[in-house]
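Got the viewer open? Load the model, switch to cartoon, and let's walk through it one selection at a time.

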Amino acid sequence: MPAAIVTGSSRGIGRGIAERYAADGYDIAVNYHTNEEAAEETASRVRSAGQEAIVVGADVSDPDAAARLVEAAVDAFGGVDHVVNNAGIDQHVFTEELSPEDFDRVMDVNVNSAFNVTKAALPHLRESGDGPSIVNISSILAFEGAPVEVHYASSKGALLSLTKSHATDFAPEIRVNAVAPGHIETDMVSDRTEEEMAEEIARIPVGRIGQVEDIADGCAYLRDAGFVTGETLNVNGGELMR
Ligand code: NAP
């Protein structure tokens, strides 16, 4: 069976991607940082879909932990065919109050982790017979910027450059693309008030907040789209047109 690693798949978008890849016939390495119980729930959903799952606790901003995640997947599944670099954190703070340490932490988790996991998985992806792919999860804020989360927006912009650089570097064997979600209903945005949500929905042409399945659909498309590499798929209900 082909296998995929989905970083940060204990919750939210990562869990949605893990479930979708499992439904499409992939064994899944479920990764979490702090929330083992939630990761076990993702794994049990993968198994319910008839696929194998392993659960690996690893802070993927740490290169050694990222390598351990990849090794665990190779040990369990005999290889790695697809990677989704989804793990990410956010923090709302203006530049005046933003510490260099917090700036670095967001860059580490959102950008360095994708580099770390990709680098560790590279030799295994090169051996895959499944049309191997990498999908990096960016954000609409890579295009819009965000004064109250400059480190987050910057990290998501950097991921797009990483995507193009790796797409060129790893061609033709491995395709590398990005999905840039708009506002998706997960824990990451659960602090919004009802009023803020209504304002947000008013900015989205399709008239609703996105769901994790919307992002999973985009990832599955890019995983299978043999003539697409170095691209960013915007999945935001049309918000970027505004
Ligand atoms: P979420 O609900 O907060 O979940 C974040 C996931 O990342 C969790 O599984 C968490 O693990 C994991 N994680 C965090 N730091 C990690 C680390 N150092 N190592 C390994 N795993 C780590 O977030 P989400 O909304 O699903 O977001 C997923 C991705 O989509 C992120 O890259 C985010 O920036 C991006 N995105 C989200 C939105 C949105 O509106 N939700 C919009 C644009 C882009 P634990 O459970 O163990 O903490």
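**Stop one: the cores**

This is a predicted model. Start by selecting Ile17, Tyr21 and Ile28: these have the most contacts inside the largest nonpolar core, a set of 28 residues. To see where that core comes from, colour strand E1 (3-6), helix H1 (12-23), E2, H2, strand E5 (133-137) and helix H8 (212-224), since each of them supplies at least two of its residues.

Now zoom in on Tyr21 and show its surroundings. Leaving out residues up to four places away in sequence, Tyr21 touches Ala4, Tyr26, Ile28, His82, Val84, Val135, Cys219, Ala220 and Arg223.

Next, pick Ala58, Ala73, Ala121 and Leu125. They are among the 27 residues of a second, separate core.

**Stop two: a β-α-β unit**

Select strand E2 (residues 27-32) and strand E3 (residues 53-57); the two pair in the parallel sense over 5 bridges. Put Ala29 in sticks and look across to E3, where Ile54 stands opposite. Then add helix H2 (residues 36-48): together with E2 and E3 it makes a β-α-β unit, and that unit is right-handed.

**Stop three: two helices crossing**

Finish with helix H3 (residues 63-77) and helix H4 (residues 100-127). How do their axes cross? They come within 8 Å and cross at roughly 35°, and the crossing of H3 and H4 is right-handed.

For the contacts, show Pro63, Ala66, Ala67, Leu69, Val70 and Val74 on the H3 side. What they meet in H4 is Asn116, Val117, Ala120, Ala121 and His124. You've already selected one of these: Ala121 is also in the second core.

How values were computed:
Residues are numbered from 1 along each chain as its sequence is written. This is a predicted model: local features need pLDDT of at least 70, side-chain atom pairs count only at pLDDT 80 or more; totals for chains, interfaces and linings use all residues. Side-chain values use heavy atoms; hydrogens and water are left out. Two strands pair if DSSP finds at least two bridges between them. Helices (H or I, at least four residues) and strands (E, at least two) are DSSP runs, numbered from the N terminus. A crossover is right-handed if, with the strands pointing away from the viewer, the path from the first strand over the helix to the second runs clockwise. A nonpolar core is a set of buried Ala, Val, Leu, Ile, Met, Phe, Trp, Tyr and Cys residues joined through side-chain atoms within 4.5 Å. Buried means under 20% relative accessible area, exposed over 50%, partly exposed in between (1.4 Å probe, protein chains only). Contact means heavy atoms within 4.5 Å. Axes are lines fitted to C-alpha atoms, for helices over the stretch in contact, and angles run from 0 to 180 degrees between N-to-C directions. A crossing is left-handed if the near helix is turned anticlockwise from the far one by less than a right angle, and right-handed if clockwise.
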